[in-house]
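Let's take a walk through a protein model together. Keep the sequence and the 3D view open side by side, and follow along at your own pace.

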Amino acid sequence: MTQAENQKARETHRDLTYLAWIVVGVLALNVAYFIGEEVGEIWYNSPSDLWTINKALWIGLIKAMPTILIAWAVADFAFLFQRCSEGDVLTEENVKTVDQAAYGLMGAGIWAGVIAPTLLEWLGESFRGLIVDFGDLALAVTMMGVMLHGLSLVLKNAVEVQAENDEFV
């Protein structure tokens with residue numbers, strides 16, 4: 001790779017870092033909306049009942065948790081892109097970061113498909129046991145996490161091969 005190509009790649013990684021942080025900010029606004037929607041409705045429609053407001057806050061957090069987990073995964077990518085912009089590409093730390101993002105996405109999908117429906121049902125005071133409601137989006141996010149985990153295994157192998165090759169040079 002020439003010096004100009006290397007510089008261009010680093011600039012691209014830097015731009016991806018900024019983009020990832022913008023996405024995290026947008027997702028944070030989305031979380032604020034989820035929670036605000038639940039609490040705001042109760043706040044204006046109920047007579048200052050703290051139990052009801054607290055319950056609405058928890059419902060908002062439960063609904064927002066997949067978005068929070070996706071935001072953490074995107075933040076992991078922001079850190080990954082930052083390290084890549086500094087020239088650290090095939091490193092164990094980057095592999096761990098990709099794996100963390102994968103677990104975040106799998107967690108978001110499982111939360112949306114199992115945990116949230118179950119908890120919301122329980123908070124609605126009608127206990128029917130474990131509820132599994134994997135919609136298209138929850139399933140897709142979970143599968144993206146699984147695929148990203150597979151990619152992290154490939155990257156882990158690539159880091160090991162690079163380390164072996166560096167020993168011979």
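The paragraphs below go from the core to a bend, then to two pockets and one buried residue.

Before we set off, please keep in mind that this is a predicted model. A good place to begin is the largest nonpolar core, which has 31 residues. Four elements give two or more residues to this core: helix 1 (3-45), helix 2 (50-85), helix 3 (92-123) and helix 4 (136-168). Helix 2 gives the most, with 15 residues.

Which members of this core touch the most other members? They are W111 and L148. Try finding W111 in your view and looking at what surrounds it. If you leave aside its neighbours within four places in sequence, W111 is in contact with I62, M65, P66, L69, A116, P117 and L119.

One of those contacts, P66, takes us to the next stop. Trace helix 2 until you come to A64, where the helix bends by about 45°. The proline P66 follows within four residues of that bend. Further on, just after helix 2, you will meet G87, which takes a positive phi of about 100°.

Now let's turn to the empty spaces. Rolling a probe the size of a water molecule over the atoms shows where empty space is left. The largest pocket holds about 230 Å³ of space. Its lining is made by 14 residues, and here P66 turns up again: together with A108, A112, L137 and A138, P66 lies nearest the centre. Helix 2, helix 3 and helix 4 each supply at least two residues of this lining. Sorted by class, the lining has nine nonpolar, three polar and two charged residues.

The second largest pocket has about 170 Å³ of space. Of the 14 residues lining this pocket, L80, V89, N94, V98 and L155 are the closest to its centre. Helix 2, helix 3 and helix 4 each give at least two residues to this lining as well, and the largest share, four residues, comes from helix 2. What classes of residue make up the lining of this second largest pocket? There are 11 nonpolar and three polar residues, and no charged ones.

Our last stop is T97, which you will find in helix 3. Is T97 buried or exposed? Its relative accessibility is 7%, so T97 counts as buried, since the cut-off for buried is under 20%. Not counting residues up to four places away in sequence, T97 touches D76, L80 and R83. You have already met L80, one of the residues closest to the centre of the second largest pocket.

Note on methods
Residues are numbered from 1 along each chain as its sequence is written. This is a predicted model: local features need pLDDT of at least 70, side-chain atom pairs count only at pLDDT 80 or more; totals for chains, interfaces and linings use all residues. Side-chain values use heavy atoms; hydrogens and water are left out. A nonpolar core is a set of buried Ala, Val, Leu, Ile, Met, Phe, Trp, Tyr and Cys residues joined through side-chain atoms within 4.5 Å. Buried means under 20% relative accessible area, exposed over 50%, partly exposed in between (1.4 Å probe, protein chains only). Contact means heavy atoms within 4.5 Å. On a 1 Å grid over the protein atoms alone, a cavity is a set of points where a 1.4 Å probe fits but cannot get out, and a pocket is an open set with protein on both sides within 12 Å along at least five of seven lines; lining residues have an atom within 4 Å of a point. Grid points are joined across faces, edges and corners, and a volume is the space filled by probe spheres set on the points. Ala, Val, Leu, Ile, Met, Phe, Trp, Tyr, Cys and Pro count as nonpolar, Asp, Glu, Lys and Arg as charged, and the others, Gly among them, as polar. The bend at a residue is the angle between axes fitted to the seven residues ending there and the seven starting there.
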